[in-house]
Amino acid sequence: MDKKKVFVVGAGITGLTVAYRLLKSKENFEVVVLESEKQTGGKLKTSPFSGFLLDEGADAFLARAPWAKELFDEIGISEEFVSPHSRSASIWVNGSLEPLPSPNVLGIPLDPHSVPPGLLNSDDVLKISKGGRPSKKLPEEADVAIGDLIRDCVGDSVFELFVDPLLGGINAGIPDEMSCETLAPQLLEAARHEDGLIAGLKETQQNSDPELPVFYTHPNGIGHIVERLAEKISNSIRKNEHVISISRANNQWILKTSTGLEAADALVLATPAQNAARLLETVSPTASSRLSDIEHASVSLVSLAFKNSDINIPKNQSGFLVPRSAGLLMTACSFSGNKWEHLDDKKQTLLRVSSGRVDDQRHETLSDEELVKKLMNDLATTLGLDSQPFESRVNRWPGALAQFKPGHLKRMKETIDLLADEAPGVSIAGSYHFGVGIPASVRSGNEAAVSVIEKFGIN
Ligand SMILES: Cc1cc2nc3c(=O)[nH]c(=O)nc-3n(C[C@H](O)[C@H](O)[C@H](O)COP(=O)(O)OP(=O)(O)OC[C@H]3O[C@@H](n4cnc5c(N)ncnc54)[C@H](O)[C@@H]3O)c2cc1C
């Protein structure tokens, strides 16, 4: 029997996962990954900065979500991972940095007494003490906005002070409009506990190992992890080859690429949603327009290096978050050397400062020089910083972070079903499906590989 030929478009973490899974399956597929850029890894990039290997975007992945860790265990790299040596972050509130309550889950304090008096509304303190029951029974299996759930269970002040900056910062979005089922299913599950959200979160926490790291990374940077994955399947990867369009002819999928034409039995588009939408325009217009409808936020990440003698940052803190109500340009600042031992040479201090939310794109209108200057002003406000960095770097991420509205997972399932009808043999995967992080991207890649195996496998 002929080998089935599968083309994977995109060699970010999602596409590499798809290809790795297909090649490791019992099936006898011929797999080719086509990547526009001269290197693999997509958004996961690490490059030299001030004598360190510093990530340009993502700097770690969540340990709790299984998909990425499982894949990295399989390729034999997990033993080399490190976890942050400082876990505590602060929040910029009322003109000072307040530590996030401990213990907390996604910013929600499990003990109201861990929050300094006066920060939370007294009704909300009472709601936490009473367990955080929702005002009405949550419908089974239905999605809700994170804002609606948290405001209802534990009050506006908890949401605005802690949850909005944390989840809004990670996703560059508006948690009042974010799908809880996609981005924080553990909150939805906990809120269904008979005694309320806080009771549910406490129960989960009691059953989890407090020593387990929250994040992992590699001392050579997150980019090194994808390089190692790419090495495992290097014979199947073709770089510098952009896929321009796809069409159907003679029962096969025809790819027009920057170097010629290719024919495939199956295709997996592991690109950002907008790129997949463009490729699907003629072969599956409905799926294409649904992917185009997914809103994306742009973010910028500025890395700054200071001499230790010129800067004084809070010890034992990994960084701080800035709520949207503060009106600053920055959304968060990470103290890289406090967070990661391998980024602390005892001589210099590295800061990574983020800006950009889906409803605040001021950073995009600024030149690199202006952006650094404005963020330095914000650091003067928040940290009292009056010195200049001796090195700086700006990394721009236009349209990089998908936004997940309530009902997102249901819409994605419908889109995938539509695609299967309109363009059988074409699958999609990426960080716009199950969430924005690395584990969610790997999960999406796993599922796309399974769909190819189910349709074309014979074993
Ligand atoms: C600033 C920032 C910080 C982040 N921080 C974290 C973090 O700390 N932890 C975390 O877990 N996640 C983080 N993320 C998210 C994470 O980086 C992404 O979810 C993940 O890297 C997405 O991988 P992907 O493979 O789906 O997409 P991409 O990395 O975008 O890969 C897609 C690939 O497809 C290629 N491509 C596109 N179109 C074509 C075409 N037509 N032909 C051929 N090739 C094509 C592209 O060149 C690219 O290489 C962050 C993201 C950003 C922007």
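These legends describe close-up views of a predicted model. In this predicted model, local features need pLDDT of at least 70 and side-chain atom pairs count only at pLDDT 80 or more, while totals for chains, interfaces and linings use all residues. Residues are numbered from 1 along each chain as its sequence is written, and side-chain values use heavy atoms, with hydrogens and water left out.

**View 1. The shell around the ligand.** The ligand has 36 residues around it. Here a residue is near a molecule or strand if one of its heavy atoms lies within 4 Å of it. T14, E35, K43, A60 and V436 come nearest. By type, the shell holds 17 nonpolar, 14 polar and five charged residues. Ala, Val, Leu, Ile, Met, Phe, Trp, Tyr, Cys and Pro count as nonpolar; Asp, Glu, Lys and Arg count as charged; the others, Gly among them, count as polar. At least two shell residues come from each of α1 (13-24), β20 (391-402) and α15 (438-456). Helices (H or I, at least four residues) and strands (E, at least two) are DSSP runs, numbered from the N terminus.

**View 2. Polar contacts to the ligand.** A polar contact is a pair of N or O atoms within 3.5 Å; within protein, one must be able to donate a hydrogen and the other to accept it, and residues adjacent in sequence count only if both atoms are side-chain atoms. T14 places a polar side-chain atom 2.6 Å from a ligand oxygen. The side chain of N275 has an N or O atom 3.0 Å from a nitrogen atom of the ligand. For S441, a side-chain N or O atom is 3.5 Å from an oxygen atom of the ligand. On its own, the ligand has 1000 Å² of accessible area, and the protein covers 88% of that. Accessible areas come from the Shrake-Rupley method with a 1.4 Å probe; for residues, only the protein chains shown count as cover.

**View 3. The ligand and two domains.** Why does the ligand lie between domain 1 and domain 3? Domain 1 (5-54 + 223-294 + 405-456) and domain 3 (296-402) both give residues to its shell, so the ligand lies between them. The domain bounds come from an automatic or database domain assignment.

**View 4. The seven-stranded mixed sheet.** This open sheet runs in the order β7-β6-β17-β18-β19-β16-β20, with mixed pairing. Two strands pair if DSSP finds at least two bridges between them. β7 (96-99) and β20 are the edge strands, and each pairs on one side only. Neighbouring strands of the sheet are turned by 25° against each other on average, direction ignored. Axes are lines fitted to C-alpha atoms, for helices over the stretch in contact, and angles run from 0 to 180 degrees between N-to-C directions. Four bridges link β6 (residues 89-93) and β7 in the antiparallel sense. S90 has P99 of β7 as its bridge partner.

**View 5. The five-stranded parallel sheet.** The strand order in this open sheet is β11-β2-β1-β15-β21, and the pairing is parallel. β11 (237-238) and β21 (426-428) stand at the edges with a single partner strand each, so one side of each is left without a neighbour in the sheet. β1 (residues 5-9) pairs with β2 (residues 30-34) over five bridges, in the parallel sense. There, V8 has V33 of β2 as its bridge partner.

**View 6. Hairpins of β12, β13 and β14.** β12 (residues 243-249) and β13 (residues 252-257) run antiparallel, joined by six bridges. R248 stands opposite W253 of β13. Two residues separate the strands of this hairpin, and N250 takes a positive phi near 50°. β13 also pairs with β14 (residues 260-264), antiparallel, over five bridges. T257 has G260 of β14 as its bridge partner. Two residues lie between β13 and β14 in their hairpin.

**View 7. Backbone details in loops and at a helix.** Most residues other than glycine have a negative phi, and most peptide bonds are trans. S102 and P103 are joined by a cis peptide bond, with omega about 0°. P103 sits in the loop between β7 and β8 (104-105). N316 has a positive phi near 60°, and lies in the loop between β16 (296-307) and β17 (319-321). At the start of α3 (residues 122-129), a side-chain oxygen of N121 comes to within 2.8 Å of the backbone nitrogen of D123. G131 follows α3 and has a positive phi, near 105°.
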